[in-house]
Amino acid sequence: MASSSPDSKRANVSMSPDLDDKLPDELLVASIPIHIVTAANELPNEFLNPLPERQLVVGFDCEGVDLCRDGKLCIMQLAFPDAIYLVDALAGGETLMKACQPALESSYVTKVIHDCKRDSEALHFQFGIKLNNIVDTQIAYYLIEEQEGKKRLPDDYISFVGLLADTRYCGVSYVEKEEVRVLLRQDPNFWTHRPLTDMMIRTAADDVRFLLHIYHRMIEKLNIRSLWYLAVRSALNSRCFCIDNDSHSDWPPLPPIPDNITADGGDNPEEEILSVLDVPRGKMGRIIGKKGASITAVKESCGAEILTGGNKGPPDKVFIIGPVKQVRKAEAILRGRLMDL
């Protein structure tokens with residue numbers, strides 16, 4: 001359990017009213033304290049000093065302005081079973097974020113997050129942090145779907161709001177999330193304003209409030225094979241926008257294939273890798289195709305995950321994640337198209 005510092009600043013803000021509507025007993029977490037953190041001594045010692053005999057699981061998220069390598073990370077949220085900490089990266093600066101680095105890079109602290117790519121990119125380029133030991137609930141969702149025999153379509157991604165609404169994992173609506181999206185469109189610098197408003201505090205806290213509950217629901221559904229895929233794919237997704245080539249040897253090693261992974265039946269899984277392809281300047285549009293048709297066709301043909309930086313960049317690279325054979329096939333097709341340009 002998190003033990004807060006007496007210096008931490010508690011925010012007397014409850015969850016969004018729509019999230020508090022007829023929640024089951026196990027989700028009645030509106031009363032847990034929310035702490036605004038501007039200095040390292042306001043965080044739990046067990047988080048700041050991770051130890052192998054003191055394994056932690058925390059809900060995790062980041063908010064910012066155009067969150068990516070060139071954006072601005074403003075708040076980092078940490079959800080413990082008994083408290084939520086909003087780490088103010090603007091007020092605490094690099095000193096505060098560097099104090100969090102051991103935990104964010106530690107294999108003894110599991111960070112549960114929904115879609116980790118941009119958060120990891122911002123942490124890496126703005127603070128030199130290599131996010132490690134991630135459980136990405138977006139990835140976990142589709143692994144469970146695959147276990148149940150459901151086929152995922154290319155570019156079909158479960159949103160965090162959609163995950164919260166799924167009764168198998170949480171079953172709550174999150175109407176206020178859309179209200180905040182409207183505010184962000186009107187004021188892109190929304191997360192830079194200080195002091196934090198009640199809406200900012202509530203929204204930041206609500207983005208991590210249920211992650212530990214969802215995590216436990218998902219873990220109990222995943223078999224041995226899927227748990228390994230979850231660990232590897234979460235790791236590869238967390239670093240894909242952070243590297244400039246295929247080499248990410250300076251990051252923590254990927255989880256090895258467990259010896260007992262065939263206990264649930266089936267063949268041994270193939271090693272999963274991340275490949276990075278350079279695209280000539282101005283040619284990404286032809287790789288993607290009209291309304292994404294070209295790159296979608298490659299995904300359907302290969303079964304690999306193919307990502308591009310989009311408007312936030314990097315603008316000249318394609319990232320491919322998946323089993324070796326599928327990745328190599330995708331590489332060959334994409335390189336062939338580059339030669340035809």
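This briefing covers two sheets, several helices and a few single residues of the structure above. The model is predicted. One sheet is open and has seven strands with mixed pairing, while another is an open sheet of three strands with antiparallel pairing. Helix α9 lies across β8, β9 and β10, and helix α4 packs on the seven-stranded sheet, touching β6 and β7.

**The seven-stranded sheet**

- The strands of this sheet follow the order β1-β2-β5-β4-β3-β6-β7.
- Its edges are β1 (9-11) and β7 (134-136); each has a single partner strand, so one side of each is left without a neighbour in the sheet.
- On average, neighbouring strands here are turned by 30 degrees against each other, direction ignored.
- Strand β1 pairs with strand β2 (residues 34-37) in the antiparallel sense, over three bridges.
- Within this pairing, Lys9 has Ile36 in β2 as its bridge partner.
- Helix α4 (residues 137-147) packs on the sheet and touches both β6 (109-113) and β7. The direction of α4 makes about 55 degrees with that of β7.

**The three-stranded sheet**

- Strands pair through backbone hydrogen bonds, in either a parallel or an antiparallel way.
- In this sheet the pairing is antiparallel, and the order is β8-β10-β9.
- The edge positions belong to β8 and β9; each has a single partner strand, so one side of each lacks a neighbour in the sheet.
- From one strand to the next, the twist averages 20 degrees.
- Strand β8 (residues 272-278) pairs with β10 over seven bridges in the antiparallel sense, and Ile273 stands opposite Gly322 in β10.
- Strand β9 (residues 305-308) pairs with β10 over four bridges, also in the antiparallel sense, and Leu307 stands opposite Phe319 in β10.
- Strand β10 (residues 317-323) is largely enclosed by the rest of the structure, because seven of its seven residues are buried.

**Helix α9 and Ala235**

- Helix α9 (residues 224-240) lies across β8, β9 and β10, and runs at about 20 degrees to β8.
- Ala235 is found in this helix.
- The relative accessibility of Ala235 is 12%, so the residue counts as buried, the cut-off being under 20%.
- Ala235 and Asp136 are 99 residues apart along the chain, and their C-alpha atoms are separated by 8.8 Å.

**Helices α6 and α7**

- Packed helices are described by the angle between their axes and by the distance between the axes.
- For helix α6 (residues 175-186) and α7, the angle is about 125 degrees and the axes are 11 Å apart.
- This angle makes α6 oblique to α7.
- The crossing of the two helices, α6 and α7, is left-handed.
- On the α6 side, Glu176, Glu179, Val180 and Leu183 take part in the contact; on the α7 side they meet Met199, Arg202, Thr203 and Asp206.
- By class, this contact of α6 with α7 has three nonpolar, one polar and four charged residues.

**Val180 in α6**

- Val180 is found in helix α6.
- With a relative accessibility of 3%, Val180 counts as buried.
- Leaving aside neighbours within four places in sequence, Val180 is in contact with Phe190, Met199 and Thr203. Met199 and Thr203 are among the α7 residues in the helix contact.
- The C-alpha atoms of Val180 and Arg328 are separated by 41 Å; these residues are 148 places apart along the chain.

**Asp207, after α7**

- Asp207 is found in the loop between α7 (198-206) and α8 (211-219).
- Asp207 is buried, with a relative accessible area of 3%.
- Not counting residues up to four places away in sequence, Asp207 touches Asp61, Glu63, Gln77, Phe160, Tyr174 and Lys177.

**Helix α3**

- Helix α3 (residues 117-127) is largely enclosed by the rest of the structure, because nine of its eleven residues are buried.
- The buried residues of α3 are Lys117, Arg118, Asp119, Ser120, Glu121, Ala122, Leu123, His124 and Phe127.
- Just after α3, Gly128 takes a positive phi of about 70 degrees.

Conventions:
Residues are numbered from 1 along each chain as its sequence is written. This is a predicted model: local features need pLDDT of at least 70, side-chain atom pairs count only at pLDDT 80 or more; totals for chains, interfaces and linings use all residues. Side-chain values use heavy atoms; hydrogens and water are left out. Buried means under 20% relative accessible area, exposed over 50%, partly exposed in between (1.4 Å probe, protein chains only). Contact means heavy atoms within 4.5 Å. Two strands pair if DSSP finds at least two bridges between them. Axes are lines fitted to C-alpha atoms, for helices over the stretch in contact, and angles run from 0 to 180 degrees between N-to-C directions. Angles under 35 degrees count as roughly parallel, over 145 as roughly antiparallel, 65 to 115 as roughly perpendicular and the rest as oblique. A crossing is left-handed if the near helix is turned anticlockwise from the far one by less than a right angle, and right-handed if clockwise. Ala, Val, Leu, Ile, Met, Phe, Trp, Tyr, Cys and Pro count as nonpolar, Asp, Glu, Lys and Arg as charged, and the others, Gly among them, as polar.
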